[in-house]
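The following questions and answers concern a single model. Please consult the sequence and coordinates alongside them.

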Amino acid sequence: MSRFLSNIQAGRLEWIGLRPERQAPMRVVEQALAIADRGLQGDRRAVGSKGAARQITIISDEFIQSIAENLGREFISPDLLRRNLVVSGLKLNALHYQYIQIGDAVFQLTAKCHPCSRMDSTIGEGGLAAMLGYGGMCANIIESGKIQCGDTVLYLPPGTYQDRQMILC
């Protein structure tokens, strides 16, 4: 798959949300510290097990627009979808198992992030069905760093991240 990704265009980080506790309201921030093998500082996942498979969640603005259209709405607030990051201009689902850089941090997209059954009560009847295929991606934080809204989201082709690590050693 990665051989077809050489022309992936950069995206942009549009929104950051932290989940301080399970089912607690999201806390919207302009910047955050991504902690390797943990999560975003201030998010409940960052205090969980080191190396957990779902350290952060990412959804594209384009997916949010599709979900809204599927529900016959003009807009859905990102905090209702319970994802940590909203990016734009990036073909998110094409980057499964690939590395991306946002700000100073490096992430590996690990799995599709499927919607939970609470979406029907959170965004309205049919919310879960509207999100199927548009739930975004789960990611692990490979390299710690500061991220902030407006940062460029870069695809790191195979070898790029590994080559960078060798230079730093």
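**Strands, an aromatic pair and a buried alanine**

An open sheet is formed by 3 strands, in the order β4-β3-β10, with antiparallel pairing. The model is predicted, so local features need pLDDT of at least 70 and side-chain atom pairs count only at pLDDT 80 or more, while totals for chains, interfaces and linings use all residues. Residues are numbered from 1 along each chain as its sequence is written, and side-chain values use heavy atoms, with hydrogens and water left out.

Q: Which are the edge strands of the open sheet?
A: Strands are DSSP runs of E of at least two residues, and helices are runs of H or I of at least four, both numbered from the N terminus. Two strands pair if DSSP finds at least two bridges between them. Those that pair on one side only are β4 (39-40) and β10 (145-148).

Q: Which residue in β4 stands opposite A34?
A: Strand β3 (residues 31-35) is joined to β4 by 2 bridges, and the two run antiparallel. Opposite A34 in β4 stands L40.

Q: What is the bridge partner of L13 in β6?
A: Strand β1 (residues 11-18) and β6 run antiparallel and are joined by 4 bridges. On β6 (residues 85-88), L85 and V87 on one side and V86 and S88 on the other are all buried, where buried means under 20% relative accessible area, exposed over 50% and partly exposed in between (1.4 Å probe, protein chains only). The partner of L13 is V87.

Q: Which residue in β6 does I59 stand opposite?
A: Strand β5 (residues 56-60) runs parallel to β6, with 3 bridges between them. I59 stands opposite V86.

Q: Why is the pair of F63 and Y134 stacked or edge-to-face?
A: The structure holds 1 aromatic pair. Rings of Phe, Tyr and Trp (its six-membered ring) pair if their centres lie within 6.5 Å; planes under 30 degrees apart count as stacked, over 60 as edge-to-face and the rest as tilted. Because the centres of F63 and Y134 are 5.5 Å apart and their planes stand at 75 degrees, the pair is edge-to-face.

Q: How many residues apart in sequence are the parts that the pair ties together?
A: F63 is buried at 13% relative accessible area, whereas Y134 is partly exposed at 28%. F63 lies in helix α1 (residues 61-70) and Y134 in the loop between α4 (127-131) and β9 (137-143), so the separation in sequence is 71 residues.

Q: How far apart in space are A68 and A130, C-alpha to C-alpha?
A: A68 lies in helix α1 and is buried, at 2% relative accessibility. A68 and A130 are 62 residues apart in sequence, and their C-alpha to C-alpha distance is 7.9 Å.
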